[in-house]
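Work through the exercises below with the sequence and the 3D view open. Try each task before you read its solution.

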Amino acid sequence: MVKSVRFWVAAALLAALAFCLVIKYCIHSTKRSASESSQTISSSVPPSATETVSDNTFHEKEVSESSEEKENSHTQVSESDASVPFITEQKVNEITGKMQKAARYSSDLIGWIYIADSDIDYPIVQGTDDQYYLHRAPDGSYNQSGSIFLSYRCAADFSDVLNILYGHNMQSGMFGYIRNLRQREEFDKHRYGWLFTKEELYRIDFYALSVVSAYDAFYDIPADNSQWQETLKANSIYCTEPELNSEDSVLALSTCTYDYENARIVFIGKLIWKQKINP
């Protein structure tokens with residue numbers, strides 16, 4: 001009887017102890033779940049007001065930088081867009097610097113021609129005939145591509161009424177880009193270029209693209225003013241007919257084309273004086 005009582009007392013104590021342990025575990029689990037739930041909710045809550053202001057400040061900085069980039073982009077587009085009469089001072093200084101370096105190894109260097117949004121960006125030389133620089137670099141070394149050169153019959157300062165530059169119709173480079181101007185869109189996008197001499201900067205207002213014969217009066221320098229203009233008009237692909245007077249100077253970029261035997265394609269523009277170039 002005594003053993004039986006002891007047994008049931010011990011069983012009751014063990015049951016009570018087990019019950020306490022279960023309750024304690026449940027309470028602990030509940031607290032941990034609540035804590036984890038609180039962390040999960042916190043991570044999905046929108047940022048505080050301070051964080052929002054900071055975030056807005058960041059976006060304002062992005063907008064500010066974006067505006068600046070757009071402004072710079074506009075400048076770059078203007079500088080690299082040959083459809084507008086614009087060139088930056090930075091570009092002028094860059095080309096002037098390149099021209100000064102080129103003059104160190106070429107005594108025949110007389111200028112530089114640059115047309116934005118094209119690969120026409122070259123020094124200009126002038127020889128004693130129109131053959132020497134067909135296959136020579138400005139320093140006189142052999143070069144299959146030759147150089148861009150002014151006809152020996154023209155004044156070296158581009159003061160003649162008609163000034164003709166020659167360059168090869170290369171697949172890439174020299175005056176090869178001129179063939180792209182047969183497309184009206186390309187012609188309209190390349191209405192301006194820039195001629196640098198040793199002392200002057202001129203804008204080139206291009207107005208005509210023509211295919212003429214190498215034996216036309218156009219190449220008879222000095223040519224009769226009215227005669228070569230009529231030749232250009234009669235053989236033009238595009239011609240906007242600008243107003244020209246006896247004091248104007250015209251620059252013509254001439255290269256070979258395959259329209260017919262001895263054909264030449266000519267891109268021609270009026271020279272507009274812009275400024276003196278510091279030596």
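## Exercise 1: Strand β8 and its partners

β8 and strand β9 (residues 263-276) run antiparallel and are joined by seven bridges. The model is a predicted one.

Task: Find which strand pairs with β8 in the parallel sense, then work out how β8 sits in the structure.

Solution.

Step 1. Start from the antiparallel side. Val 250 stands opposite Lys 270 in β9. The two strands make a hairpin, with six residues between β8 and β9. In that turn, Asn 262 has a positive phi of about 65°.

Step 2. Turn to the parallel side. Strand β4 (residues 162-166) pairs with β8 over five bridges. Check the register: Leu 162 has Val 250 as its bridge partner in β8. Asn 163 has Leu 251 there.

Step 3. Check burial. In strand β8 (residues 250-256), six of the seven residues are buried, so the strand is largely enclosed by the rest of the structure.

## Exercise 2: Strand β4, face by face

Task: Decide which residues of β4 lie on each side, and whether they are buried or exposed.

Solution.

Step 1. Recall the rule. Side chains in a regular strand alternate between the two faces of the sheet.

Step 2. Sort the residues. Leu 162, Ile 164 and Tyr 166 are on one side of β4, with Asn 163 and Leu 165 on the other.

Step 3. Apply the burial test, a relative accessible area under 20%. Both sets pass, and both faces of β4 are covered. Five of the five residues are buried, so β4 is largely enclosed by the rest of the structure.

Step 4. Add the other neighbour. β3 and β4 run antiparallel, joined by two bridges. Leu 150 stands opposite Leu 165 in β4.

## Exercise 3: The nonpolar core

Task: Say how many residues the largest nonpolar core has, and which have the most contacts inside it.

Solution.

Step 1. Count. The largest core holds 61 residues. Those with the most contacts inside it are Leu 165, Phe 196, Phe 218, Leu 253 and Ile 268.

Step 2. Find the main contributor. Strand β6 (residues 200-213) supplies the largest share, nine residues.

Step 3. Examine one member. Beyond residues up to four places away in sequence, Leu 253 touches ten positions listed here: Ile 113, Ile 115, Ile 120, Leu 165, Phe 175, Ile 178, Phe 206, Ile 265, Val 266 and Phe 267.

Step 4. Set this against the general trend. Nonpolar side chains tend to be buried together in soluble globular proteins.

## Exercise 4: Helix α3

Task: Test the length of α3, and find where its buried residues fall.

Solution.

Step 1. Compute the expected span. At 1.5 Å a residue, the 15 residues of helix α3 (residues 89-103) should span 21 Å. The multiplier is one less than the number of residues. The end C-alpha atoms are 21 Å apart, which agrees.

Step 2. List the buried positions. They are Lys 91, Val 92, Ile 95, Thr 96, Met 99 and Ala 102. Seen down the axis of α3, the buried residues fall within an arc of 130°, so they line one face of the helix.

Step 3. Look at the other side of α3. Glu 89, Gln 90 and Lys 101 are exposed there.

## Exercise 5: Trp 194

Task: Place Trp 194 in its strand and list what it is in contact with.

Solution.

Step 1. Locate it. Trp 194 is in strand β5 (residues 192-197).

Step 2. Classify it. Its relative accessible area is 4%, so Trp 194 is buried.

Step 3. List its contacts, leaving aside neighbours within four places in sequence. They include Pro 85, Phe 86, Trp 112, Tyr 114, Arg 203 and Lys 274.

Step 4. Check a long-range pair. Trp 194 and Ile 272 are 78 residues apart along the chain, yet their C-alpha atoms are separated by 9.3 Å.

## Exercise 6: Positive phi and cysteines

Task: Compare the burial of Asp 117 and Phe 158, then that of Cys 154 and Cys 239.

Solution.

Step 1. Asp 117 has phi near 55°. Its relative accessible area is 38%, so Asp 117 is partly exposed.

Step 2. Phe 158 has a positive phi of about 65°. At 2%, Phe 158 is buried.

Step 3. Cys 154 is buried at 5%, whereas Cys 239 is partly exposed at 26%. A search of the whole structure finds zero disulfides.

Terms used: Residues are numbered from 1 along each chain as its sequence is written. This is a predicted model: local features need pLDDT of at least 70, side-chain atom pairs count only at pLDDT 80 or more; totals for chains, interfaces and linings use all residues. Side-chain values use heavy atoms; hydrogens and water are left out. A nonpolar core is a set of buried Ala, Val, Leu, Ile, Met, Phe, Trp, Tyr and Cys residues joined through side-chain atoms within 4.5 Å. Buried means under 20% relative accessible area, exposed over 50%, partly exposed in between (1.4 Å probe, protein chains only). Helices (H or I, at least four residues) and strands (E, at least two) are DSSP runs, numbered from the N terminus. Contact means heavy atoms within 4.5 Å. The arc is that of the directions from the helix axis to the C-beta atoms. Two strands pair if DSSP finds at least two bridges between them. A disulfide is a pair of cysteine sulfur atoms within 2.5 Å.
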